[in-house]
Amino acid sequence: MTKPAEPVKFSQPESFEDALTELESIVLEMEAGQMTLEMSLLAHKRGTELLQYCQVMLQDAQQQVRLLEADALKNFSPSGIDDR
């Protein structure tokens with residue numbers, strides 16, 4: 001009886017840019033068509049994890065921009081404008 005393979009645990013990317021670079025590399029390798037089926041499945045799994053990480057990072061950045069814009073609009077006062 002064969003033991004089921006243990007799930008592969010990938011490391012968390014250090015930054016959005018690192019994740020994007022790794023994801024681009026995976027896509028290029030998969031498009032080359034030189035991977036075994038097992039390697040393709042692992043690459044697909046890693047790519048999915050990287051994509052989710054990037055999406056979360058982008059959503060967080062969008063939320064921060066919304067908060068900054070809302071605060072800037074709240075603090076905007078037309079009283080500082082010259083009335084000539």
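## Exercises on a two-helix chain

The chain exposes about 7,500 Å² of accessible surface, and carbon and sulfur atoms hold 58% of that. Keep in mind that this is a predicted model.

**Exercise 1.** Work out how many helices and strands the chain has, and what share of its residues is buried.

*Solution.* Start with secondary structure: you get two helices and zero strands. Helix 1 covers residues 16–32, and helix 2 covers residues 37–75. Next, go through the 84 residues by burial: 12% of them come out buried. Finally, look at contacts with a separation of 6 or more: 74% of these join residues 24 or more positions apart.

**Exercise 2.** Decide whether Ala-19 is buried or exposed, and find which residues it touches.

*Solution.* First, place Ala-19: it sits in helix 1. Then check its relative accessibility, which is 0%; the cut-off for buried is under 20%, so Ala-19 is buried. Now list its contacts, skipping residues up to four places away in sequence: Pro-13, Leu-50, Tyr-53 and Cys-54. As a last step, take the C-alpha distance from Ala-19 to Gly-47: the two are 28 residues apart along the chain, and the separation is 9.2 Å.

**Exercise 3.** Do the same for Arg-46: is it buried or exposed, and which residues does it touch?

*Solution.* Arg-46 belongs to helix 2. Its relative accessible area is 7%, and since buried means under 20%, Arg-46 is buried. Leaving out residues up to four places away in sequence, Arg-46 touches Phe-10, Ser-11, Glu-22 and Ile-26.

Conventions:
Residues numbered from 1 in each chain as written. Predicted model: local features only at pLDDT ≥ 70, side-chain atom pairs only at ≥ 80, totals over all residues. Heavy atoms only, no water. Helix = DSSP H or I, 4+ residues; strand = E, 2+ residues; numbered from the N terminus. Buried < 20%, exposed > 50% of the residue type's maximum accessible area, 1.4 Å probe, protein only. Contact = heavy atoms within 4.5 Å. Areas by Shrake-Rupley, 256 points an atom, 1.4 Å probe, with all protein chains shown as cover.
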